[in-house]
Amino acid sequence: MESFVIQTENLSKVYQSRKQSVCALDKLNLTVQRGEVFGYLGPNGAGKTTTIRILLDLIRPTEGRALLFGENANKSSPALRQRIGFLPGELSLWKNLTGLQVIQYAGRVRGHLDMAYVNQLSERLKFDPSKKVRDYSSGNKRKLGLVLAFMHKPELVILDEPTSGLDPLIQQTFNDFLRHYSAEGNTVFMSSHVLSEVQAVCDRVGILRDGRLKAVERVETLTHADFRWVTVRFRDAVPPELLARVPGISQVTPLEHGYRFRMVGEWQALLHAIRDCYVLDIQTEKPSLEEIFLAYYNDVGDSEMAEAAEVKEGEA
Ligand SMILES: Nc1ncnc2c1ncn2[C@@H]1O[C@H](COP(=O)(O)OP(=O)(O)OP(=O)(O)O)[C@@H](O)[C@H]1O
Ligand SMILES: [Mg+2]
């Protein structure tokens, strides 16, 4: 039994053209375990699709390697293909065939077609396979792509932005479906920009920026990140240095009668620092998931994120 479903070792990709070379992926080391739903996040151009293309052996890495079920992805053996389902970011299909004809064709290529399961999937996604591909809206093309990705019940599904273009109701249905699918022991690797979806379905997330992996965290840990925004109002004027010296406090902004700042860790140091001040009010806000991700996507906040994660680990 293999230990990891996906494993990359120093995986790197440089796109070379006559004009320039772009380093899309820089020494990526990542593992995904059986039964996990792994969310692969990052701003546009971070290297998500590049990673997915290498996993599927559509392109080859410049350096390093990717293993699927312990087997090098570049082997592309039919047995390995059978175990994997894939939804590309941009689906190109034969426009003159109907959805059903495309499904039947895929079934023939794979050597197996479970029509009962295809119908079940189509019903769930409210997908009508009888129309021609050129008549499908972009959302319906996406649904066809999802049926193609799941119809052979693969142990690993790799999805590039699966719910882009789906309406909220279908998105919700799809999220439920994914949770059930992974609960049966299957593994899902998906890139996404939809944070609510990530929060709802993913066990862990990897955050990629400029081809580098910035963080890999359990979603729970991220959403319970141990930092918050604090607003303290004082009766009298208090110099900002008083707060700036307190460990765990950063981004101090003056307000009319106090300060707003970011705080990591325990309250004790702050309470000690302001023990001689006349405090009128203290308010705290938890950061939103959106804010947590944005801090990872931008340069600001990296060290604070690391600090927050460390504090969390220390507590556990
Ligand atoms: N075929 C290619 N030739 C040259 N450069 C490429 C090619 N494909 C991607 N790139 C570049 O590689 C980098 C990573 O692109 P990639 O498509 O992997 O990003 P992504 O994370 O999937 O972004 P998005 O969220 O927009 O889908 C970008 O700078 C992109 O311009
Ligand atoms: Mg992409």
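Helices (H or I, at least four residues) and strands (E, at least two) are DSSP runs, and they are numbered from the N terminus. The structure described with these names is a predicted model, in which local features need pLDDT of at least 70 and side-chain atom pairs count only at pLDDT 80 or more, while totals for chains, interfaces and linings use all residues. Residues are numbered from 1 along each chain as its sequence is written, and chains are lettered from A and ligands numbered from 1 in the order in which they are written.

The predictor's confidence in each residue is given as pLDDT, on a scale from 0 to 100. Over the chain pLDDT averages 89, and 93% of the residues score at least 70. Residues 300-316, however, have a pLDDT that stays under 50, and for this stretch the model has 22 contacts beyond four places in sequence, a contact being two residues whose C-beta atoms, placed from the backbone, lie within 7 Å.

Domain bounds, which come from an automatic or database domain assignment, give domain 1 (6-222) and domain 2 (225-315). Taken over C-alpha atoms, the centres of domain 1 and domain 2 are separated by 39 Å.

The strands can be followed from β1 onwards, with two strands said to pair if DSSP finds at least two bridges between them. Strand β1 (residues 6-16) pairs with strand β2 (residues 21-32) in the antiparallel sense over eight bridges, and these strands form a hairpin with four residues between them. Within this pairing, valine 14 stands opposite cysteine 23 in β2. The hairpin strands belong to an open sheet of four strands, with the order β2-β1-β4-β5 and antiparallel pairing. Because β2 and β5 (71-72) stand at the edges with a single partner strand each, one side of each is left without a neighbour in the sheet. Between β4 and β5, which run antiparallel, there are two bridges, and leucine 67 stands opposite asparagine 72 in β5.

Helix α1 (residues 48-55) is mostly covered, since six of its eight residues are buried. A residue counts as buried if 20 or more other C-beta atoms lie within 10 Å of its own, as exposed if 12 or fewer do, and as partly exposed in between, with C-beta atoms placed from the backbone. The buried residues of α1 are Lys48, Thr50, Thr51, Ile52, Ile54 and Leu55.

What surrounds ligand 1? The residues near ligand 1 are Tyr15, Val22, Ala24, Gly42, Asn44, Gly45, Ala46, Gly47, Lys48, Thr49 and Thr50, where near means that the C-beta atom of a residue, placed from the backbone, lies within 6 Å of the molecule. The elements that give two or more residues to this shell are β2 and α1, and α1 gives the most, with three residues. By character the shell divides into four nonpolar, six polar and one charged; Ala, Val, Leu, Ile, Met, Phe, Trp, Tyr, Cys and Pro count as nonpolar, Asp, Glu, Lys and Arg as charged, and the others, Gly among them, as polar.

Two loop residues deserve a separate look. Aspartate 57 has a positive phi of about 60° although it is not a glycine, and its place is in the loop between α1 and β4 (63-68). With 16 other C-beta atoms within 10 Å, aspartate 57 is partly exposed. Glutamate 161, which is likewise not a glycine, has a positive phi of about 50° and lies in the loop between β7 (156-160) and α6 (168-183). Glutamate 161 counts as buried because there are 21 C-beta neighbours inside 10 Å.
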